[in-house]
Amino acid sequence: MSTTEERLDRMEAIEALRRLKHEHYCLAVDRAVCRSDRAEYDALVERLAPDIEVSFTGFGRFSGKEAAAPFFIDGVGSMLSWCQHRVGNPIIDVDGDTARGQWTVFCPAIATDAAPTGPGPIIIVGRYDERYRRTDGRWYWTHLDARLELLGPAEAFWQGATWAE
């Protein structure tokens, strides 16, 4: 049985990880893309562990912070001109100073000519599988796997949609 202090630490860790995802990932990337401001990526990059492993379906794998940071700054920044990440349904398990999180993502965006979809409105749907480590009271990503299940033109996404009665 956990003590009250252990349960409180776990709850505070879960809330810190939710904030990490929303503030240091979603909001940071959205601001960077929408404002065309590379400095906005700082909130994300500062929370990547030096030994992070990043993978995005169709975009490759990146080992270490030195390799992962340019993927976000130069890669994502060149492929999108606007985006609004929506993540939800978190499953977060904390074990002391390590944790694991799973999130669903729905992200409407506007792609540029550099995107594999070509330019225009797109929808990105998928799941994030993440691992974290707490160091000196701060949480960092050690693993970020974006499993993109749908990445395509927005109009194709909605084709055939019907009202469920």
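Colleague: How much surface does the chain expose, and what share of that comes from carbon and sulfur atoms?

Modeller: In this predicted model, the chain exposes about 9300 Å². Carbon and sulfur atoms supply 52% of that area.

Colleague: And how much of the chain is buried?

Modeller: Buried residues make up 45% of the 165 residues. To get that label, a residue has to be under 20% relative accessible area.

Colleague: What makes the radius of gyration agree with a compact globule?

Modeller: For 165 residues, a compact globule would come out near 15 Å, and the chain has 17 Å, so the two agree. As for the box, the C-alpha atoms fill roughly 50 × 50 × 25 Å along the principal axes.

Colleague: What is the chain built from, and in what order?

Modeller: There are 4 helices and 7 strands. Going along the sequence, you read α-α-β-β-α-β-β-β-β-β-α. Among contacts with a separation of 6 or more, 58% are between residues 24 or more positions apart.

Colleague: Let's go to His24. Why is His24 called buried?

Modeller: Buried needs a value under 20%. His24 has 11% relative accessibility, so His24 counts as buried. You'll find His24 in helix 1, residues 4-35.

Colleague: How do you know that the His24 side chain has a polar contact with Ala43?

Modeller: The side chain of His24 reaches the backbone oxygen of Ala43 at 3.0 Å. The cut-off for such a pair is 3.5 Å, so this one counts as a polar contact. Leaving out residues up to four places away in sequence, His24 touches Arg19, Ala43, Leu44, Glu46, Arg47 and Trp141.

Colleague: Now Asn89. What makes the backbone of Asn89 worth a look?

Modeller: Asn89 has a positive phi of about 50°, although Asn89 is not a glycine. Asn89 sits in strand 4, residues 86-95.

Colleague: Buried or exposed, and why is Asn89 called that?

Modeller: Exposed means over 50%. Asn89 has 60% relative accessibility, so Asn89 counts as exposed.

Colleague: What about Asp136: what is its phi, and where is it found?

Modeller: Asp136 also isn't a glycine, yet has a positive phi of about 50°. Asp136 is in the loop between strand 6 (120-135) and strand 7 (138-153). With a relative accessible area of 77%, set against the cut-off of over 50%, Asp136 is therefore exposed.

Colleague: Last one: how far apart are the mean positions of the positive and negative charges?

Modeller: They are 2 Å apart, taken over 19 positive and 26 negative charges.

Key: Residues numbered from 1 in each chain as written. Predicted model: local features only at pLDDT ≥ 70, side-chain atom pairs only at ≥ 80, totals over all residues. Heavy atoms only, no water. Helix = DSSP H or I, 4+ residues; strand = E, 2+ residues; numbered from the N terminus. Buried < 20%, exposed > 50% of the residue type's maximum accessible area, 1.4 Å probe, protein only. Polar contact = N/O pair within 3.5 Å; in protein donor to acceptor, adjacent residues only side chain to side chain. Contact = heavy atoms within 4.5 Å. Rg over C-alpha atoms; globule rule 2.2 N^0.38 Å. Areas by Shrake-Rupley, 256 points an atom, 1.4 Å probe, with all protein chains shown as cover. Lys, Arg positive; Asp, Glu negative; His and termini not counted. Charge placed at Lys NZ, Arg CZ, Asp CG, Glu CD.
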